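Got a minute to go through a model together? Have a look at the fold and the ligand site before reading on.

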Amino acid sequence: MRVLLTGGAGYIGSHTALCLLNAGHEVVALDNLYNASPEALRRVEALTGKKAPLVVGDCTDEAAVTAVFEQYRPDAVIHFAGLKAVGESVAKPLDYYQNNLDATMTLCRVMPRFGCRVLVFSSSATVYGTNQEMPLREDFPTGCTNPYGWTKWISERILTDVAAADSTRSFVLLRYFNPIGAHESGRIGEDPAGIPNNLMPYICQVASGKLDHLRVFGNDYPTRDGTGERDYIHVMDLAEGHLAAIEYAAEHTGVEIFNLGTGTPYSVLDIVHSFEKANNLTIPYEITPRRPGDIAVCYADPAKAREKLHWQAKRDMTAMCRDAWNWQKQNPQGFGDK
Ligand code: WQD
C-alpha cells in the first residue's frame with residue numbers, strides 16, 4: 001500500500017515510516033514542520049534505501065491535502081499530525097481545538113474524493129481520564145482532563161460518526177500509552193523543542209549534562225515507591241503496531257479501537273534506575289511536589305491488540321533506556337535545526 005503519514009516527519013511518524021518501508025509499503029509524509037525536522041525522513045531514506053517523500057504543508061489546509069492526494073493517490077492514511085502538549089493546550093485551547101479537529105475533519109472530507117477509505121488515527125490513553133481501575137480496556141468509560149485530551153476524544157467521536165454514516169470507511173483508533181526510546185541505529189529519535197515535558201527525554205538531557213538534574217514530580221502517590229506509574233512502550237513497538245493496524249484496517253470496515261501499550265507499569269524511580277543500569281551512569285534527581293493534572297497510575301490491558309492485530313510489544317525496558325540514550329549521545333542537539 002501507499003500510505004500518507006500526516007505528521008510523518010515527527011517522532012512516531014518517522015519511526016512508523018521506517019517500519020512501513022521495511023515491510024514493503026510506500027510512504028509519503030505531509031508535515032508542517034511545526035514540531036519536526038525534514039532531516040528525520042532523510043535519515044529514514046538512508047536507513048531503508050527507499051524513498052520517503054515529504055510534502056511541507058498543513059493538514060487543516062484542504063487545498064494542500066487535496067494536492068497531496070492528487071499527486072500521490074494514497075491507499076490509506078495514518079494521521080499523526082496534531083498539537084500535543086498537554087500544558088500548552090490548557091493555555092491555548094482554541095489553537096488545539098481548531099488545529100487538531102480541523103485536521104481530522106479535512107482528511108475525512110478529502111479522502112473519499114480519491115477513493116481512500118482507510119485511516120489509522122493517533123489517539124491517546126489520555127482519553128481515559130482519571131479515577132479508572134487498572135489495567136485500562138478499550139471498552140472503559142472515557143473523559144478528559146485537558147483540551148489536548150478532548151481533541152483526541154472528539155476526533156475519535158468524529159471518526160466514529162463518519163464511519164456510521166458511510167459504511168465503506170475503515171478507521172482504526174490507536175490509544176498510545178507512553179512512547180519512549182528510538183530506532184536502534186540512533187539515527188532517528190525524539191527531538192523535543194526546548195526543555196522536555198516528558199520523562200525520558202528529560203532524563204536523557206540530564207545524562208548528557210544539558211540539564212542539571214531530574215525533578216521527580218511527587219513521591220506521595222499510592223504506588224509501590226510513591227512515584228507515578230506509567231506504561232512505557234518502545235517507539236519501534238509502537239511503529240510495528242501501526243503496521244499491524246493499517247494492514248488490519250485495509251481488510252475491514254467500520255471502527256476499531258486498540259490500546260498500544262505493554263501492560264506493565266513502571267514508576268518514575270524504576271525508569272531512573274533502569275536507565276542508570278542500562279547505560280552505566282548516574283541520574284541525579286530531587287523529589288519535588290506533584291505536577292498538577294498528573295494521575296498516579298496509568299497502564300494498558302493490551303489483550304485486544306494481541307488477539308485482533310496479532311501484535312504485542314516485544315522490547316523490554318533495558319532496550320528502551322539503551323536506545324533512548326544511544327539517540328541522545330549521537331545527537332546531543334537532536335536534528336540540529338530547531
Ligand atoms: C511520565 C511520568 C510524571 C517529567 C504525557 C501526556 C500524554 C502522552 C504521553 C500524548 C509522570 C513523571 C515527568 C519530569 C517527572 N502524550 N515526570 N519528572 O504525563 O504520563 O503523558 O505524555 O499523547 O497525553 O500527558 O508523560 O513523560 O510527562 O510523565 O517526574 O520531569 O514521569 O509525573 O508520572 P505523561 P510524562
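Here are some questions and answers on this predicted model.

Q: How many helices and strands does the protein chain have?
A: This is a predicted model, so keep that in mind throughout. Along its principal axes, the C-alpha trace spans about 55 × 45 × 40 Å. Counting the secondary structure in the protein chain gives eleven helices and 14 strands.

Q: What is the radius of gyration of the protein chain, set against the globule rule?
A: For 338 residues the globule rule gives 20 Å, and the chain comes close to that, so it is as compact as a globular protein of that length. Buried residues make up 56% of the chain. The radius of gyration is 19 Å.

Q: Which strand gives the most residues to the shell around the ligand?
A: There are 18 residues around the ligand, with Tyr148, Leu199, Arg215, Arg230 and Asp294 coming nearest. By class, that shell splits into eight nonpolar, six polar and four charged residues. The top contributor, with four residues, spans 214–217: strand S8.

Q: How much of the area that the ligand exposes when taken alone does the protein bury?
A: Start with the polar contacts: the side chain of asparagine 178 has an N or O atom 3.0 Å from a ligand oxygen, and a backbone N or O atom of phenylalanine 217 sits 2.9 Å from a ligand oxygen. In arginine 230, a side-chain N or O atom is 2.7 Å from an oxygen of the ligand. On its own the ligand exposes 690 Å², and the share of that buried by the protein is 88%.

Q: Which strands are at the edges of the three-stranded open sheet with mixed pairing?
A: The order in this open sheet is S12-S9-S14. An edge strand pairs on one side only, and that holds for two of them. They are strand S12 (266–267) and strand S14 (297–298).

Q: Which residue in S14 is the bridge partner of glutamate 229?
A: Strand S9 covers residues 229–230 and pairs with S14 in the parallel sense, over two bridges. Follow the bridge from glutamate 229 across to S14 and you land on valine 297.

Q: Is serine 89 buried or exposed?
A: Serine 89 lies in helix H4, which runs over residues 86–91. Its side chain reaches the backbone nitrogen of tyrosine 148 at 3.0 Å. The cut-off for buried is under 20% relative accessible area, and serine 89 has 0%, so it counts as buried.

Q: Which residue in S11 is the bridge partner of leucine 173?
A: Five of the seven residues of strand S11 (254–260) are buried, so this strand is largely enclosed by the rest of the structure. S11 pairs in the parallel sense with strand S6 (residues 170–176), over seven bridges. Across from leucine 173 in that pairing, the partner is isoleucine 257.

Q: Which backbone nitrogen lies 2.9 Å from a polar atom of the side chain of aspartate 316?
A: Aspartate 316 is in the loop between helix H10 (303–309) and helix H11 (317–330), and at 45% relative accessibility it counts as partly exposed. A polar atom of its side chain lies 3.2 Å from the backbone nitrogen of threonine 318. At 2.9 Å, the backbone nitrogen is that of alanine 319.

Q: What separates the C-alpha atoms of aspartate 316 and aspartate 237?
A: Along the chain these two aspartates are 79 residues apart. In space, the separation between their C-alpha atoms is 10 Å.

Notes: Residues numbered from 1 in each chain as written. Predicted model: local features only at pLDDT ≥ 70, side-chain atom pairs only at ≥ 80, totals over all residues. Heavy atoms only, no water. Near = heavy atom within 4 Å. Polar contact = N/O pair within 3.5 Å; in protein donor to acceptor, adjacent residues only side chain to side chain. Areas by Shrake-Rupley, 256 points an atom, 1.4 Å probe, with all protein chains shown as cover. Nonpolar A, V, L, I, M, F, W, Y, C, P; charged D, E, K, R; others polar. Pairing = 2+ DSSP bridges. Rg over C-alpha atoms; globule rule 2.2 N^0.38 Å. Buried < 20%, exposed > 50% of the residue type's maximum accessible area, 1.4 Å probe, protein only.
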